[in-house]
Amino acid sequence: MLSPYPDAERAAAPAATAIRAWDDVPPFRRALVVANPIAGRGRGRKVGREVVEGLLRRGVEAELHLTTARGCGRARVRCLDAECDLVVSVGGDGTLREVFDGLCDSDVPVGLVPLGTANVLGLDLGLPRDVDRALEVMAARKLARIDAARVNGHLSFLVTGVGIDGMAVREVERRRTGPITKAAYVGALFRALRGYRAPSLRVELDGRAVEGEFGLVLVSNIVHYGGVFRLSPDRHLDDGLFEVYLFRDASRTALARVALRGLLAYLPGSAGELRRARRVKIESDCPVAYQVDGDFRGETPVELEVADRQYRLLVP
C-alpha cells in the first residue's frame, strides 16, 4: 500500500495559489496510469513506466495506458475498474482534462506528473515533474478540490478565452503536426494579428447583461495563464465560481499592454475588469474564435456554466 513519507521533500505551492487540502484518503491499492507518450518531448512513455514501477514498489497494483489519439485517455478512464482508487495523469493539461472528463466518479483521486508545454495546473499547485517527488506527493494523500465548467459541452478547468487567444489557438491547430511547443504559439499569435480587428463581444454573467462591449474575455479558474502570464491570485479552485476578465479595448496596442502586465505583474490591472460568476454567456454579431483550456473549440456564441461536481487532485 502507498503510505506517506513524512520527511519527503515536496515542491512548495506558489504563495499566490489558494489551496484547501484534505488528507482523509485511505492508502491506495490499485491505480491506472494514463500517459501521453509524446509529452515531454517524447518522455511520456518512459515516465509512465517509471510511475507504474514506483507504485508497484510501494505495494500498489498499477496498469499503464498509453494514449494514441485524442479521446483515447478519456475512453479508457470511462471504463475504470470499480476497485481502482487512483488515476495518475502523465502528460500535459490535455491529458489531465481527458482523465477528469472520463471519470464517472469524480471522488476518485487523481495524481499528476506534468510533462506538457504549459502545465498550467501543475504551476499553480507547485506539482513536481520528477517522478520520485511526484510519487511522494501521491503518498501524502493531500487533496485539493477543483471546480470545472462546461463550455458549449466541453469540459474546462483552466481558462476559456474569446478573442485574440482563440484566434491564435486556431492558428496552432491549423498547422499542428505533432507536439506543441511555446514557439508554435508565438508564431500563431503573429499570424492571428495579420489583418486583426478587435471583436465586439457582449457578456452576460449569471443572467445579467454587463454594460458595454468587450474585445477580449477570459473565463478562468487558474493563475498561470498559458504557463507564461499571471492572472489574479485572489481566487479559490473550489469556490463554485470562475473569474471573468473583461477587456474593453483589444486593439493591438492595448493587447501589448495587457501582455506586458501579465508578464510582470498580475492581470487585469487598469486595462480590464475582474468579476466572478457561475454562468457566463458571450455573444457577438460577427463570429469570434474561442479556445477552451488550450484547444480551439469554434466560434461564438459561448455558454459556460460551473458544474456541481468537483474533481480531487493530489497536491503537495
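This briefing describes the overall make-up of one chain, one helix pair, two buried polar or charged residues and some backbone details. The model is predicted, so local features need pLDDT of at least 70 and side-chain atom pairs count only at pLDDT 80 or more, while totals for chains, interfaces and linings use all residues. Residues are numbered from 1 along each chain as its sequence is written, and side-chain values use heavy atoms, with hydrogens and water left out.

**Overall make-up**

- The chain holds nine helices and 21 strands, where helices (H or I, at least four residues) and strands (E, at least two) are DSSP runs numbered from the N terminus.
- Of its 316 residues, 53% count as buried, a term that means under 20% relative accessible area, with exposed meaning over 50% and partly exposed lying in between (1.4 Å probe, protein chains only).
- About 14100 Å² of the chain is exposed, and carbon and sulfur atoms supply 49% of that area, as computed by the Shrake-Rupley method with a 1.4 Å probe.
- Among contacts (heavy atoms within 4.5 Å) between residues at least 6 apart in sequence, 76% join residues at least 24 apart.

**Helices α2 and α6**

- The axes of α2 (residues 44–57) and α6 (residues 131–140) come within 10 Å and cross at roughly 50°, the axes being lines fitted to C-alpha atoms over the stretch in contact, with angles running from 0 to 180 degrees between N-to-C directions.
- The two helices are therefore oblique to each other, given that angles under 35 degrees count as roughly parallel, over 145 as roughly antiparallel, 65 to 115 as roughly perpendicular and the rest as oblique.
- On the α2 side the contact is made by Val47, Glu50, Val51, Gly54, Leu55 and Arg57, and on the α6 side by Val131, Asp132 and Leu135.
- These contact residues divide into five nonpolar, one polar and three charged, where Ala, Val, Leu, Ile, Met, Phe, Trp, Tyr, Cys and Pro count as nonpolar, Asp, Glu, Lys and Arg as charged, and the others, Gly among them, as polar.
- Because eight of its ten residues are buried, α6 is largely enclosed by the rest of the structure; the buried residues include Val131, Leu135, Glu136 and Met138, and what covers the buried residues of α6 includes α2, β4 (86–91), β5 and β21 (311–314).

**Buried Asn119 and Arg97**

- Asn119 is found in the loop between β5 (110–114) and α5 (120–125), and with 5% relative accessibility it counts as buried.
- Leaving aside residues up to four places away in sequence, Asn119 touches Gly91, Gly92, Asp93, Pro114 and Arg129.
- Arg97 belongs to helix α4 (residues 93–102) and, at 9% relative accessibility, also counts as buried.
- With residues up to four places away in sequence again not counted, the residues that Arg97 touches are Leu155, Phe157, Val292, Asp293, Asp295 and Arg297.

**Backbone details**

- Most residues other than glycine have a negative phi, and most peptide bonds are trans.
- The peptide bond from Leu267 to Pro268 is cis, with omega near 20°, and Pro268 lies in the loop between α9 (252–264) and β16 (273–277).
- The peptide bond from Thr300 to Pro301 is cis as well, with omega near 10°, and Pro301 is in the loop between β19 (295–299) and β20 (302–306).
- Arg41, although not a glycine, has a positive phi of about 55°; Arg41 is in helix α1 (residues 39–42) and counts as exposed at 84% relative accessibility.
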